[in-house]
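Work through the two exercises below with the sequence and the coordinates open beside you. Try each task before reading its solution.

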Amino acid sequence: MYQSLLVVPSLVGLAAAQICGLQFDGRIPATLGVAGFDVPNQFFSESNVFGAGLSFSQLIQLPAISGSLFDINTVPIEVTISDDSVFNGQTGFRRAELLPASNSGTDPSTTGIKTLHFSLAKDDTRPLNLSHEYQLVFLESNDFSTNQFVLKTGTILGGDATVNPDTLQLFGNVNQNPPQLLFSVPFLSGVFHNFAVTLDFDALTTQVFFSAGTDPLEAVTQVIPNDVGGQGQFHFGLLKKPTDGVGDITRNGFQEDGIDEGIIYGGIFQEDSSTGCISLDP
Ligand SMILES: *[C@@H]1O[C@H](CO)[C@@H](O)[C@H](O)[C@H]1NC(C)=O
């Protein structure tokens, strides 16, 4: 069912248990509660990214479902968007994204060799509108000139019109024309999709690992040349693009009214893979 390009773990010392050093940890204990996202905390920035006048406690949900692969004593969190999710005057977009608290844009999460882990699932009560393009996880460079990788779903602007929009598509640096599709997989209901993305900020490569549900991760690509330079910040949430946009789509294009859409995230953390260490299961 899943499209694996090639299963070749190319780094030595793949870890069966989670023993790698952590760069950041965005796994949320149930005790944090949604109000905990509004004040400085060790997990995510309390001040970005959400619509003007909102706060994270108004848009984060704590769905009553079991944790993802790497949530041991931690809980999944849902990021939602509404008509009020207009960030920084970007009326063409609807946005709500979590940024790791320690991820300033120039910190060590974008140096050396790091593996970013995240899991995501649908909320069937808050479906996305697949006529639109959504960015669900991405690294935005520190000068805001590119995304070095981005996980998208829906109808991707300028994308391959033959692809089912209900697909998770992981692209490399979007300044490449066209961007390189690293991996894609159907976006199913009722199951977590677990990703690990090894980013070599020296060799400028990316390798993707994937599993569904509680299965251990497997390499689904080789080490692929991809320009991950330029540091920046990791985003987890929804960036919904407009339809019918022309010119600057941050401000132009169509967004329907009355939306209530969300994606469930779990198991967000980053580990140090400079010695080849990658956690394939907890
Ligand atoms: C999906 O989005 C399009 C474009 O914004 C809109 O015309 C349509 O009504 C939406 N469909 C649903 C089911 O909300």
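The exercises that follow concern a sheet and a ligand site in this predicted model.

**Exercise 1.** Determine in what order the six strands of the open sheet are arranged, and which strands stand at its edges.

*Solution.* Begin by tracing the sheet from one side to the other, which gives the order β4-β14-β6-β7-β8-β9, with antiparallel pairing. Next, look at the two ends: β4 (94–98) and β9 (181–186) each have a single partner strand, so one side of each is left without a neighbour in the sheet. Neighbouring strands are turned against each other by 15 degrees on average, if direction is ignored. Finally, examine one pair in detail: β8, which covers residues 167–171, is joined to β9 by five bridges in the antiparallel sense, and here phenylalanine 171 stands opposite leucine 181 of β9.

**Exercise 2.** List the residues around the ligand, sort them by class, and find which side chains place an N or O atom within 3.5 Å of a ligand oxygen.

*Solution.* The residues around the ligand are Asn129, Ser131, His132, Thr243, Phe254 and Glu256, and by class this shell holds one nonpolar, four polar and one charged residues. Turning to distances, among the side chains that meet the cut-off is asparagine 129, with an N or O atom 2.2 Å from a ligand oxygen. Histidine 132 has a polar side-chain atom 2.6 Å from an oxygen atom of the ligand, and for glutamate 256 the corresponding distance is 3.0 Å. As a last step, consider coverage: of the 360 Å² of accessible area that the ligand has on its own, the protein covers 46%.

Definitions and conventions. Residues numbered from 1 in each chain as written. Predicted model: local features only at pLDDT ≥ 70, side-chain atom pairs only at ≥ 80, totals over all residues. Heavy atoms only, no water. Pairing = 2+ DSSP bridges. Helix = DSSP H or I, 4+ residues; strand = E, 2+ residues; numbered from the N terminus. Axes fitted to C-alpha atoms, helices over the stretch in contact; angles between N-to-C directions. Near = heavy atom within 4 Å. Polar contact = N/O pair within 3.5 Å; in protein donor to acceptor, adjacent residues only side chain to side chain. Areas by Shrake-Rupley, 256 points an atom, 1.4 Å probe, with all protein chains shown as cover. Nonpolar A, V, L, I, M, F, W, Y, C, P; charged D, E, K, R; others polar.
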